[in-house]
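Trainee: I would like to take a close look at a single part of this structure. Could you go through it with me slowly, step by step?

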Amino acid sequence: MAAARSTKAKIPQLDWSEAHPAAVVLITGPEGFLADRAGQSVRDALKSAHADLEVHDVDASSYTAGELFTFASPSLFAEPRLIRVDSVEKCSDAFLEDAKRYVAQPAEETTLVLRHAGGQRGKALLDLIRSGTGIEVVCPEIKKDQDRLTFAQGEFRRLGAQITPGALRMLVAAYSGGVGELAGACAQLVSDAGTRISEEEVNRATEGRVETNAFKVADAATAGRAAEALVLLRQAFSTGTDPIPMLAALNFKMRGIARAYGATGSGGQLAKDLGMAPWQADRAVKDARAWREEDLARCIDLAAETEWLLKGGSRDPEYALEKYLLFVARRGR
């Protein structure tokens, strides 16, 4: 996942998973869950090395002058100290002045962790830290599907578990909220299903959560993701979706693939020739390359037969649609 890192920083800028103790640890970025994880890693590392670690929590928004130096002062038995400062992006003027003085000459046996969620407040302090001593842990917001897949994959790896690609996509689709919820789902799944996870386990665990529609089913099928397409189709059935619109979406995609079969040319001209948006033309041409001409012809025939079955020619239209969907997902093979 891409991290919003400063190009001017002289101190190491690390991923949240690489967080470790340093004299000053600056945790930046809007992803609170990852920031909490990074802060916890620092604390755990210190605690494992120093059972007598003193931990102090400070709210920078309500900070009063001198607090930082009071907490950083050596105690009678000189225990190591961890000072965790939250809400630096809302800090008081008094904190800003004290923090600038502190980072210029950090106390011995003390780790200062500063959490800054974003914004311009405190920028001078951040610039000072980035030009001096310490580390920065960058926690960017995780929004893109690929980033969420990468995050979830990392969670299973961290938990010592393996998950199939199709099951991973299903899980991420089911938990589209914050990464904290997604991380919790990963842990729960491993706890319930063990360390080898397939679509079947995810389907049981997420039943009723996946928001599916006809085009999601069609996209998975035409991309060749048979297991995922079948699970999505069955979930759609379970929520009362009618088979006819599902077939219509699948046939819409297949007609595009049939038109794109053997097509060549530049993106813009290709889109014009096929009567599609450029991204649709690119996708159709890519999907068409996976087909043989004779299988594509059989698919068109099977589409017509399936439509007849769904409109009264069969007592089990759902089975007929499943059969057609698998034919598509397996490219007729």
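Trainee: Which residue in S5 is the bridge partner of Val24?

Mentor: Keeping in mind that this is a predicted model, the bridge partner of Val24 in S5 is Leu112, and this pairing belongs to a longer contact, since strand S2 (residues 24–28) and S5 pair in the parallel sense over five bridges. Leu112 is also the bridge partner of Ile83, and here the neighbour is strand S4 (residues 81–86), which runs parallel to S5 and is joined to it by five bridges. If you follow the chain from S4 through helix H3 (residues 93–104) to S5, you trace a right-handed β-α-β unit.

Now consider how the side chains of S5 are arranged. In a regular strand the side chains alternate between the two faces of the sheet. In S5, Thr110, Leu112, Leu114 and His116 point one way, while Thr111, Val113 and Arg115 point the other way, and all of these residues are buried. Buried means under 20% relative accessible area, and seven of the seven residues of S5 (residues 110–116) are buried, so the strand is largely enclosed by the rest of the structure.

Helix H3, which you met in the β-α-β unit, also takes part in an aromatic contact: Tyr63 and Phe95 form an edge-to-face pair, with 5.2 Å from centre to centre and 80° between the planes. This pair links distant parts of the chain, with Phe95 in helix H3 and Tyr63 in the loop between strand S3 (54–59) and helix H2 (67–72), 32 residues apart. Tyr63 is buried, with a relative accessible area of 4%, and Phe95 is buried as well, with a value of 0%.

Methods:
Residues numbered from 1 in each chain as written. Predicted model: local features only at pLDDT ≥ 70, side-chain atom pairs only at ≥ 80, totals over all residues. Heavy atoms only, no water. Buried < 20%, exposed > 50% of the residue type's maximum accessible area, 1.4 Å probe, protein only. Helix = DSSP H or I, 4+ residues; strand = E, 2+ residues; numbered from the N terminus. Pairing = 2+ DSSP bridges. Right-handed = clockwise from strand over helix to strand, strands pointing away. Phe/Tyr/Trp six-rings, centres within 6.5 Å; stacked < 30°, edge-to-face > 60°.
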